[in-house]
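Morning, everyone. Please have a look at the structure on the screen, and then I will walk you through it.

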Amino acid sequence: MKRKFFCLFILIPIFFSCGMEIPESISIKTKAKYSFSFGEKDFDLKEYISAEKLGSSMGSTEKDPKVYVYNPSGNTKMQYLVSYPIEAIKINLADKNFSEINIPTFEGKKIDQKIEVPKLAADSSAETVNEIDINEMLFGTDGEAQFNIEPVDISEAALGGQVLSKADAEEKNLKRDVNVQITDGGFSTMLLKTGTLLIERTGTSSVPTNLTVELCASDGTQIAVKENIDFSTSSSVSLELSGKTITPKMELFVYGSFESGGSSSYKITPKLQDICISEVSGLTLPEKVITINNEITITPDTSFVSCEVESGFVQLASTVPSEVKGLKVISRNVELSESLSVKENDWNKTESEQTIFDRSYDLKGKNFSESPIKIKFEGSVNYKLENASVVLKNGEPIKIEILPECNISKLKSVVLDLKNHKDEFAIEKIENNFGAQIANDVSKIVLNPSGLKITYKNELPSGNDFKVSYKCELLGLDKELALKASGVLGSQTEEKDFCKQDKEIAVTDSTSFVLEPKLSFPGAAQNPEAGKEYYTTLTGIEPGNTYSILINVEPIFDWKSITVKMSESGLSGLKGEQDSKISLDSMFDSIKESFSDFGNISFKQIELYLYFINPGVSGLDTNSFSGKLYAKSGENTDEKIVYILGSETESKPLDFVKEQELKFNDSKEVILTQDKSKASAYSSDIAKLFNSENKSTSSTIKFGYDMTVSDSSGGASSSEIEISKEFYEKLKKETAQDICIPIEARIIVPLIFDIADNTKLDLKKLKNNGKESSEETDFFNRSEATDMSSYEKFLEVIDSVNLKYKVSEDFLDYSNNASAKIYFGLPGKQFNLDLGKDTIAIKGSDVIEMLKTYPYNPEFYAELPKGTVTVPYFTDAKIAFSMEVITDGEVSIWGGK
């Protein structure tokens with residue numbers, strides 16, 4: 001309101017600033033409506049009676065009650081579910097140490113081996129090299145050429161004092177024809193790598209000479225020359241022919257100057273020596289023979305016995321060397337012996353002018369039954385050279401390579417003797433006399449499907465199946481199983497042979513598990529001859545390959561349950577009483593002081609469901625339970641009791657009932673589904689127990705049970721119980737060797753109350769968790785009182801003041817059409833916030849008084865009328881305040897009255 005009327009004072013300085021004379025009086029007429037808010041008060045009941053607060057008021061340990069908001073489908077009311085473990089009745093197995101009851105387990109046997117099929121091939125490592133030595137053929141081992149040439153006679157008397165030219169040589173008989181001869185052959189040209197023409201003097205010479213000796217081709221082309229020869233001092237001279245080309249017919253010339261005065265004569269004789277040919281053309285030689293005498297050997301693994309070839313060949317190959325042009329093969333003849341007999345006409349021949357040998361022999365269907373496999377090559381090839389051109393690298397002989405080869409790529413069958421690997425392929429006997437170990441404690445074992453699981457990998461080609469035969473009398477198994485070959489690397493297969501479900505084994509001292517698998521190799525004979533016990537015949541095998549064999553034999557003894565012999569004491573702890581720590585006082589501790597008389601509040605209905613749970617021991621079903629289940633509250637004469645099963649004087653049969661697992665929403669706070677199992681639980685309404693203890697706030701709800709047990713025929717309880725494998729494993733891990741039968745409670749607490757008489761609910765205490773505030777606070781959240789002295793003159797123009805409020809509709813739901821009322825204000829100045837309205841008329845003076853009071857701390861409470869009231873699901877009471885001021889009149893601002 002201070003903000004709303006402050007604008008009136010702004011007008012005064014306006015008159016002065018405009019230079020006007022001060023009037024005798026100023027007054028303002030106003031007719032307006034002013035509104036402002038006091039804020040909002042929130043009373044969310046879930047803050048004061050949440051599941052978390054209810055649970056913490058009852059305890060926080062594992063065995064304490066657990067409280068959840070319960071919101072099944074279609075729910076409209078606020079309610080809670082309390083889950084409480086009442087008791088666990090013990091089956092006394094103190095004399096049983098389950099860690100020592102060893103139900104048998106078996107380790108499997110594994111074979112992980114490789115079958116290596118030996119490579120059956122021999123190739124160029126067994127080559128034959130033959131040489132054609134042209135130099136030796138033509139010039140022998142000393143390199144001297146055969147040729148026809150007459151010595152040159154030198155007469156000093158006839159030639160003395162003369163100077164002769166090359167043209168004079170023939171006239172003076174100093175020219176000779178040089179004819180190079182090849183036996184039974186001939187040639188056109190020869191390029192010499194090395195060679196010399198040696199001219200030797202026979203006889204003595206006393207006259208000095210200055211001669212030239214020149215070797216020319218028949219066409220006169222100079223081949224080699226030697227000048228300045230003095231035969232009086234030299235007995236021989238050489239003409240270097242290295243790198244020179246000679247022909248079959250050549251000419252030798254001797255010419256130069258002869259001094260006079262001599263009378264003797266002598267001869268000079270030419271000779272070709274140290275000849276080594278680089279190239280020769282037009283060469284013709286008579287028929288020659290190359291002899292073939294070779295052997296190839298294939299040495300398989302020691303396990304090899306015999307084989308039949310599916311795909312393979314023997315080959316003989318040789319080509320005419322590229323350095324020779326003009327070699328002609330006249331005849332060929334090669335035969336094979338030893339492990340393979342092949343005649344000349346048996347070969348498949350594809351030979352041509354460019355080949356010496358190009359032939360093969362198909363080994364399909366051939367059998368080899370010895371090791372090593374030897375194949376001997378014997379024969380010859382006849383050839384001749386006709387007008388041939390030959391290049392000799394570095395003057396070396398021509399090499400002719402003859403390459404024998406044997407290659408077997410696939411076997412139709414191969415017999416291997418695996419006696420040296422028998423231990424590697426052995427599967428040991430599996431045996432366990434477990435009856436002697438557990439017969440004192442266990443009388444029977446019930447099995448899930450059990451037997452033998454074989455995981456194997458057989459990479460051999462299809463048809464090469466291993467076989468496993470086995471027999472197990474305990475499980476009733478007697479079978480032979482084929483381990484199929486896949487022909488696929490890395491492929492694994494699993495085979496199972498199991499007994500039927502729920503097969504029972506009676507345990508005695510002599511009960512034992514015996515399994516002795518026997519492995520048979522592929523192709524093994526049923527009754528092998530002596531020495532052939534480990535023969536295996538494999539088919540479709542590729543030599544040189546390695547095939548993996550993996551066989552994992554795993555006994556499966558998957559037991560479902562065991563029947564355990566109980567101690568004489570049997571069941572114990574069949575009678576007892578447990579304090580749940582649950583009470584109305586504890587549940588609503590945080591808000592009960594907010595009520596003027598909490599004793600007027602009582603529950604309309606509280607449902608209790610009890611569950612008697614079999615812990616997984618099927619043998620308990622052979623026993624019959626009966627007795628009483630009850631809940632009570634109060635002490636002595638105030639005690640009240642509700643029987644859920646039976647009565648004070650009568651026991652009734654008690655069957656096992658398991659509670660349904662709770663389900664939550666994503667926040668883990670609200671139960672989303674109905675507890676469907678409650679229909680088969682033991683249930684009763686225990687609201688009166690909570691209501692009776694209102695007068696004694698220290699009393700809590702107690703749960704009791706009183707039971708007896710007998711076998712199904714009505715006699716004493718059974719001396720044996722059947723427990724599952726899962727439960728057995730749990731017992732082995734736990735230090736306390738006891739089986740417990742849980743009794744659990746679930747209590748559904750809907751917030752539906754009977755209010756016996758009108759009762760006040762202090763909303764300020766409720767905001768403070770049921771307690772008086774230690775410090776007084778201002779309702780308008782001010783730090784000081786509002787100065788109203790300047791505004792009281794305006795009261796005469798205030799026509800009316802209305803306190804506006806709004807209360808959310810989902811506050812409380814009465815079944816008898818009654819409704820709560822909310823009061824606000826100081827004693828004597830209280831205003832009723834009728835939930836059916838939204839406005840209260842207030843005098844202007846009351847507003848001024850309200851704003852002048854600091855702190856303004858009014859009473860603020862709800863009056864709950866008599867009747868049945870329901871707290872809606874997640875009710876949220878919000879009360880919003882605002883003030884509406886309406887003016888109508890004239891206010892004097894300056895002068896006047």
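Let me start with a question. Are Phe425 and Phe466 buried or exposed? Both are buried. Keep that pair in mind; we will come back to it.

A word on what you are looking at. This is a predicted model. The protein has 897 residues, and 45% of them count as buried. It has eleven helices and 57 strands. The accessible surface comes to about 44,800 Å². Carbon and sulfur atoms hold 43% of that surface.

Now the contacts. Take those in the protein with a separation of 6 or more. Residues 24 or more positions apart account for 86% of them.

Back to the two phenylalanines. The structure holds nine aromatic pairs. In the pair of Phe425 and Phe466, the ring centres are 6.3 Å apart and the planes sit at 10 degrees, so the pair is stacked. Where do the two residues lie? Phe425 is in the loop between strand 24 (398-417) and strand 25 (430-432). Phe466 is in strand 28, residues 466-472. The two are 41 residues apart in sequence, so the pair ties together separate parts of the chain. Phe521 joins in as well: Phe425, Phe466 and Phe521 form one aromatic cluster.

Next, a sheet. Four strands form an open sheet, in the order 31-26-36-46. The pairing is antiparallel. Which strands are at the edges? They are strand 31 (503-506) and strand 46 (720-724), and each pairs on one side only. From one strand to the next, the twist averages 20 degrees. As a reminder, strands of a sheet pair through backbone hydrogen bonds, either parallel or antiparallel.

Let's zoom in on one pairing there. Strand 26 covers residues 442-447. Strand 26 and strand 31 pair in the antiparallel sense, over four bridges. Leu447 stands opposite Lys503 in strand 31.

Here is another pairing. Strand 8, residues 152-155, pairs with strand 17, residues 265-298. This pairing is antiparallel too, over four bridges. Ser155 has Ser265 in strand 17 as its bridge partner. Strand 8 also has two faces to look at. Val152 and Ile154 make up the covered face. Asp153 and Ser155 make up the uncovered one.

Now for single residues. Find Glu214, in strand 12, residues 209-217. Why does Glu214 count as buried? Its relative accessibility is 5%, and the cut-off for buried is under 20%. What does the Glu214 side chain meet? A polar contact of 2.9 Å joins it to the side chain of Tyr255. Setting aside residues up to four places away in sequence, Glu214 touches several others, including Lys166, Gln222, Ala224 and Val225. Glu251, Leu252 and Phe253 are also among them.

Compare that with Asn832, in strand 53, residues 829-833. Asn832 has 28% relative accessibility, so this residue counts as partly exposed. Asn832 and Ala862 are 30 residues apart in sequence. In space, they are 9.7 Å apart, C-alpha to C-alpha.

To wrap up, three places to revisit on the screen. One is the aromatic cluster of Phe425, Phe466 and Phe521. Another is the open sheet, 31-26-36-46. The last is Glu214, with its polar contact to Tyr255. Thanks, and over to you.

Notes. Residues numbered from 1 in each chain as written. Predicted model: local features only at pLDDT ≥ 70, side-chain atom pairs only at ≥ 80, totals over all residues. Heavy atoms only, no water. Buried < 20%, exposed > 50% of the residue type's maximum accessible area, 1.4 Å probe, protein only. Contact = heavy atoms within 4.5 Å. Areas by Shrake-Rupley, 256 points an atom, 1.4 Å probe, with all protein chains shown as cover. Pairing = 2+ DSSP bridges. Axes fitted to C-alpha atoms, helices over the stretch in contact; angles between N-to-C directions. Polar contact = N/O pair within 3.5 Å; in protein donor to acceptor, adjacent residues only side chain to side chain. Phe/Tyr/Trp six-rings, centres within 6.5 Å; stacked < 30°, edge-to-face > 60°.
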